[in-house]
Every structure is written in structure tokens, then in C-alpha cells.
Amino acid sequence: AWVGTGEKWIHVSKKHWTLVAYVGDRPVYAALISRGWKTPAGRYRVTRKLALATMRFHTRTGEYEAEAVPWIVYFKPRYALHSAYWHDGFGDRASHGCVNLSPVDARWIFQWTAPALPPGWYQIHQTKADPGTHILIE
């Protein structure tokens with residue numbers, strides 16, 4: 001009910017370790033994910049997208065860094081759907097809080113979600129005119 005008919009949205013299941021992209025009530029793409037110990041449940045929108053970035057993770061046990069991470073789709077500060085080229089543990093816990101996808105799945109989600117990244121751009125933020133694709137994490 002919170003998504004309009006024909007509107008794009010993403011469902012992330014922490015229980016089943018899956019991500020399913022929908023248009024209205026029709027699934028159009030599915031992928032296995034790895035989630036983190038602190039992946040937040042809730043309703044979100046895509047707030048920012050980056051084609052490539054270095055990601056830093058701060059935890060109680062130290063600081064970690066992943067260089068040249070492609071296809072980053074933020075839905076909350078410090079939380080994103082993104083490619084994880086450094087592991088193949090999809091369907092298992094392998095993140096500090098983000099939702100990890102295989103590179104091919106992350107690229108598909110990046111290109112499918114709004115706001116669209118114009119050619120030649122590196123990043124884009126949501127706007128009132130283009131508020132970003134809905135994401136439900138439960």
C-alpha cells in the first residue's frame with residue numbers, strides 16, 4: 001500500500017538473504033545478498049548513488065577499507081546496497097551493516113534504481129522531483 005501501482009521498489013529479506021526488485025506487485029529481478037550484523041530494518045528511499053568509491057568501515061574491532069567499490073546505492077547515512085568483489089559469501093553474513101551484492105547484481109540494481117545517473121556523472125542525490133526508489137528491509 002505504501003508503493004504506488006507500477007512504481008519501482010526493492011524488498012530486502014534479512015531472514016531469507018534475498019533482494020527482490022519489483023514494479024508494483026510484479027517481481028523483475030532477484031539476487032542473493034550478504035547483510036551485516038547491524039543492517040537496519042525499515043522503509044527507505046535511495047538517497048544517493050555513487051558509481052565508484054572507497055568505503056571505510058569503523059567497528060569495535062578496528063577500521064576496514066575497501067577501495068574502488070562499484071555500484072553503491074545509499075538508503076541511509078553509512079548504509080548502502082553495493083557490490084562486494086572481496087567475497088562470495090552471498091546468502092551468509094559478510095558485512096558490517098550494508099547489503100552486499102555480487103558485482104553483476106549490484107550493477108543491475110544501480111542502473112535500475114532512481115535517481116538515474118546521467119552519462120558521464122560520478123554520483124547523484126535524490127531530489128524532490130526524483131525522490132529515489134523505495135527500499136523495504138525486513
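With 138 residues, a compact globule would be expected to have a radius of gyration near 14 Å, and the protein has 14 Å, which agrees. The model is predicted. Along its principal axes, the C-alpha trace spans about 45 × 35 × 25 Å. The protein exposes about 7,600 Å², and carbon and sulfur atoms supply 54% of that area. Of the 138 residues, 44% are buried.

The secondary structure consists of one helix and 10 strands. In sequence order the pattern is β-β-β-β-β-β-β-β-α-β-β. Contacts between residues at least 6 apart in sequence include a 56% share that joins residues at least 24 apart. As for charge, the protein has 17 positive and 10 negative charges, and the mean positions of the two sets are 7 Å apart.

The N-terminal part of the chain can be entered at His11, which belongs to strand E1, residues 8-13. His11 has a relative accessible area of 16%, so it is counted as buried, the cut-off being under 20%. Its side chain makes a polar contact of 2.8 Å with the side chain of Glu138. Apart from neighbours within four places in sequence, His11 is in contact with Thr18, Leu19, Val20, Tyr22, Leu136 and Glu138.

Between E1 and strand E2 (18-23) there is a loop, and Trp17 is found in it. The backbone of Trp17 has a phi near 60°, a positive value in a residue other than glycine. Trp17 is buried, with a relative accessible area of 15%.

Further along, strand E5 covers residues 48-59 and contains Lys49. Is Lys49 buried or exposed? Its relative accessible area is 1%, so Lys49 is buried. What does the side chain of Lys49 reach at 2.7 Å? The partner is the backbone oxygen of Thr113. Leaving out residues up to four places away in sequence, Lys49 touches Ile72, Val73, Phe110, Thr113, Ala114, Pro115, Ala116, Leu117, Tyr122, Gln123 and Ile124. Lys49 and Ala30, 19 residues apart in sequence, have C-alpha atoms 20 Å apart in space.

Two of the residues touched by Lys49, Ala114 and Pro115, are joined by a cis peptide bond, with omega near 5°. Pro115 sits in the loop between H1 and strand E9 (123-125).

Next comes the loop between strand E6 (62-76) and strand E7 (79-83), where Arg78 lies. Arg78 has a positive phi of about 75° although it is not a glycine. With a relative accessible area of 71%, Arg78 is exposed, whereas Trp17, with its own positive phi, is buried.

Strand E7 also holds Leu81. The relative accessible area of Leu81 is 1%, and the residue is therefore buried. Its contacts, not counting residues up to four places away in sequence, are Ile10, Val12, Leu19, Trp71, Ile72, Val73, Phe75, Val99, Leu101, Ile109 and Ile135. Among them, Leu19 is also in contact with His11, and Ile72 and Val73 are also touched by Lys49. Leu81 and Cys98 are 17 residues apart in sequence, and their C-alpha atoms are 6.1 Å apart in space.

The last stop is Ser102, in the loop between strand E8 (99-101) and helix H1 (103-112). Ser102 counts as buried because its relative accessibility is 15%, under the 20% limit. Which residue shares a side-chain polar contact of 3.0 Å with Ser102? The contact is with the side chain of Asp105. Not counting residues up to four places away in sequence, Ser102 touches Ser83 and Phe90.

Technical notes. Residues are numbered from 1 along each chain as its sequence is written. This is a predicted model: local features need pLDDT of at least 70, side-chain atom pairs count only at pLDDT 80 or more; totals for chains, interfaces and linings use all residues. Side-chain values use heavy atoms; hydrogens and water are left out. Helices (H or I, at least four residues) and strands (E, at least two) are DSSP runs, numbered from the N terminus. The radius of gyration is taken over C-alpha atoms; the globule rule is 2.2 Å times the number of residues to the power 0.38. Buried means under 20% relative accessible area, exposed over 50%, partly exposed in between (1.4 Å probe, protein chains only). Contact means heavy atoms within 4.5 Å. Accessible areas come from the Shrake-Rupley method with a 1.4 Å probe; for residues, only the protein chains shown count as cover. Lys and Arg count as positive and Asp and Glu as negative; His and the chain ends are not counted. The place of a charge is taken as NZ of Lys, CZ of Arg, CG of Asp or CD of Glu. A polar contact is a pair of N or O atoms within 3.5 Å; within protein, one must be able to donate a hydrogen and the other to accept it, and residues adjacent in sequence count only if both atoms are side-chain atoms.
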